[in-house]
Amino acid sequence: MDKLSAAKRRILDYTRYEMMNKAHEAFSDLGDDEELGPAEWSTVKKYLACLNNLEEDQVHPHSVSRHESSVHAMNLKDTRVRLLNGVQAAYWGMLDEGRIAQNTATILIESVDEAIDLVSDDSLCDWKGLKSHVHFPSYYRLLQMSICPRKLVTYFTVERLEFACYICAAFLRAHRIARRQLHEFIGESEIASLVINESESEGEEARCFLEEVRVTFPQVLHVVKTRQVTYAVLKHLSEYVQNLEKVGILEEKEMIHLHDSVQTDLKKVLRNPPLAKMPKISDMLRVHPLLTALPSIARAHIEDSTKEVTKLRGVTLCKEGNKPNGIWLVANGIVKWGSKNFRNKHSLHPSFSHGSTLGLYEVLNGKPYICDLITDSVVHCFFVESDKILSLLRSDPAVEGILWKESTIAIAKILLPQIFEKMAMQELRSIVAERSEMNIFLRGETIEIPPHSIGFLFEGFVRTLTDPEELVTSPGVLLPSYGDLSFLNLET
């Protein structure tokens with residue numbers, strides 16, 4: 001009964017190689033100690049009996065010949081099950097985080113169980129178990145008419161639609177997490193690509209539903225997100241207080257007192273969740289990360305120069321190769337990017353969300369747009385013409401560094417998606433703001449990239465020391481010439 005199938009044995013062998021890589025990474029982090037000194041890898045390796053007898057060549061678990069159709073089908077079924085298990089694990093994680101309630105989680109988890117039973121004969125189909133809970137009645141549009149009282153509209157829309165919004169948002173998020181985990185583990189393979197494409201196409205109805213809600217009742221999505229965040233913040237506070245007692249900062253009585261007060265607030269949220277109002281346009285602009293980073297005079301200059309724009313899904317904001325005419329500050333929605341010159345198989349989700357600044361790199365250096373930008377949802381943004389940005393630079397040179405750093409965020413996601421695409425926008429922004437520096441080099445100077453660092457070439461050309469014939473053009477990525485590059489997770 002414990003005999004493994006050929007597909008599972010291939011995965012196990014592949015995983016052991018990955019375990020060896022992780023063991024090397026752990027040793028490099030732990031192998032040297034300030035108090036106790038270094039350790040030897042050869043000695044440590046003797047105790048890793050679980051990783052003995054690895055063959056010299058690592059074989060990909062999906063590398064089978066075309067005529068082995070039965071093995072191909074087995075691998076396909078196995079990969080679907082693994083992705084669905086990842087989706088289910090993501091649902092449990094969202095339940096712990098407070099993103100979804102218990103009743104929502106039950107429905108989502110059951111849909112995965114039903115889909116796992118069908119993977120042998122059908123493609124991914126866990127959305128089928130959720131469709132009955134997601135619908136947008138046509139009469140809801142009539143509620144937008146001014147003759148309907150606001151309280152009636154709130155009752156019919158928020159209380160009826162929010163459950164469906166929770167399901168759609170959780171479904172899309174769980175599949176996105178599972179696709180990324182599968183891609184990081186398996187890497188490039190025909191079978192993995194098939195399953196990832198099935199997952200992508202399954203989410204189309206969920207995306208369309210959220211789009212319809214975003215167009216007709218944007219306040220519903222705002223209410224759902226506000227409730228999620230309120231619950232998550234209180235849960236985080238509860239864990240923080242318990243950790244203070246664990247590390248000895250608080251005594252048990254003090255911890256219990258604070259913990260009880262947080263639990264009281266959590267119960268209030270569950271019994272009487274917040275009803276949020278849609279923010280004003282001026283407030284949405286004022287809290288955009290670019291404006292919050294600028295000095296007050298420069299901020300006022302940008303605020304006076306913006307034009308509010310709302311675009312439906314599928315609208316092209318700019319074309320690759322066109323002359324830059326301005327930048328977009330995304331307040332709400334998702335924008336996808338695509339490029340002929342920067343095609344990258346590592347990019348699973350080539351998109352930018354709210355808080356992004358798009359087109360700034362091209363405006364700063366006068367180059368044509370380096371990629372197409374197409375709305376992937378209803379997008380609420382603010383457009384600033386190129387002349388306004390350039391006049392700001394002339395009037396206040398101090399903001400130049402801020403603008404270049406802001407442009408780095410979009411460039412990093414386009415040029416190195418395998419590293420920066422998975423990062424949350426806030427994390428990427430803090431890395432660029434706090435742990436980066438900008439330098440200008442003259443012709444003939446040597447640029448040294450420190451170990452565990454990445455350089456982005458914004459203007460000009462550089463030649464590599466290893467191959468003087470090789471010319472790196474901007475925008476480009478500069479990697480350390482020595483040291484461990486495994487942290488980059490790059491194939492070349």
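Helices (H or I, at least four residues) and strands (E, at least two) are DSSP runs, numbered from the N terminus. The structure is a predicted model, in which local features need pLDDT of at least 70 and side-chain atom pairs count only at pLDDT 80 or more, while totals for chains, interfaces and linings use all residues. Residues are numbered from 1 along each chain as its sequence is written, and side-chain values use heavy atoms, with hydrogens and water left out.

**Exercise 1. Take stock of the secondary structure, the burial and the confidence of the model.**

Step 1. The secondary structure of the protein comes to 17 helices and 14 strands.

Step 2. Of its 492 residues, 41% count as buried, where buried means under 20% relative accessible area, exposed over 50%, and partly exposed in between, with a 1.4 Å probe and protein chains only.

Step 3. For pLDDT, the predictor's confidence in each residue from 0 to 100, the protein averages 82, and 87% of the residues score at least 70. Confidence is lowest in strand 1 (residues 32–33), with a mean of 72, and highest in strand 8, with 94.

Step 4. Contact means heavy atoms within 4.5 Å; among contacts between residues at least 6 apart in sequence, 75% join residues at least 24 apart.

**Exercise 2. Work out the strand order of the two open sheets and identify their edges.**

Step 1. Two strands pair if DSSP finds at least two bridges between them. One open sheet has 4 strands in the order 4-9-6-7, with antiparallel pairing. Strand 4 and strand 7 (351–352) are its edges, and because each has a single partner strand, one side of each is left without a neighbour in the sheet.

Step 2. Strand 9 (residues 372–375) is joined to strand 4 (residues 316–318) by 2 bridges, and to strand 6 (residues 335–338) by 4 bridges, again antiparallel. Leu373 of strand 9 stands opposite Cys318 and also opposite Trp337, while Ile374 in strand 9 is the bridge partner of Lys336.

Step 3. The other open sheet, also of 4 strands, has the order 3-10-5-8 and antiparallel pairing. Its edge strands are strand 3 (307–311) and strand 8 (357–358), each pairing on one side only.

Step 4. Within this sheet, strand 5 (residues 326–332) and strand 10 (residues 379–385) pair over 6 bridges in the antiparallel sense, and Gly326 has Glu385 in strand 10 as its bridge partner.

**Exercise 3. Locate the nonpolar cores and name the elements that build the largest one.**

Step 1. A nonpolar core is a set of buried Ala, Val, Leu, Ile, Met, Phe, Trp, Tyr and Cys residues joined through side-chain atoms within 4.5 Å. The largest has 50 residues, and those with the most contacts inside it are Tyr91, Cys165, Phe209 and Val213.

Step 2. Two or more residues of this core come from each of helix 3 (69–97), helix 4 (102–116), helix 5 (150–186), helix 6 (190–202), helix 7 (204–216) and helix 8 (218–246). Helix 5 gives the largest share, 13 residues.

Step 3. Apart from this core lies another, of 44 residues, among them Met284, Phe342, Tyr361 and Val379.

Step 4. Not counting residues up to four places away in sequence, Phe209 touches Val134, His135, Phe136, Leu161, Ala164, Cys165 and Cys168.

**Exercise 4. Describe the largest cavity and its lining.**

Step 1. On a 1 Å grid over the protein atoms alone, a cavity is a set of points where a 1.4 Å probe fits but cannot get out, and lining residues have an atom within 4 Å of a point. Grid points are joined across faces, edges and corners, and a volume is the space filled by probe spheres set on the points.

Step 2. The count comes to 1 cavity of 30 Å³ or more, and the largest cavity has a volume of about 110 Å³. Of the 14 residues that line the largest cavity, the closest to its centre are Leu358, Gly359, Glu362, Ala410 and Ile414.

Step 3. Strand 8, helix 13 (360–365) and helix 15 (400–415) each supply at least two lining residues, and helix 15 gives the most, with 4 residues.

**Exercise 5. Examine the backbone at His452 and at Pro475.**

Step 1. Most residues other than glycine have a negative phi, and most peptide bonds are trans.

Step 2. His452, in the loop between helix 17 (425–434) and strand 11 (455–457), has a positive phi near 60 degrees, and counts as exposed because its relative accessibility is 51%.

Step 3. A cis peptide bond joins Ser474 and Pro475, with omega about -5 degrees; Pro475 is found in the loop between strand 13 (471–473) and strand 14 (476–478).

Technical notes. 1 Å grid on protein atoms, 1.4 Å probe; cavity = no way out; pocket = protein on both sides within 12 Å on 5 of 7 lines; lining within 4 Å.
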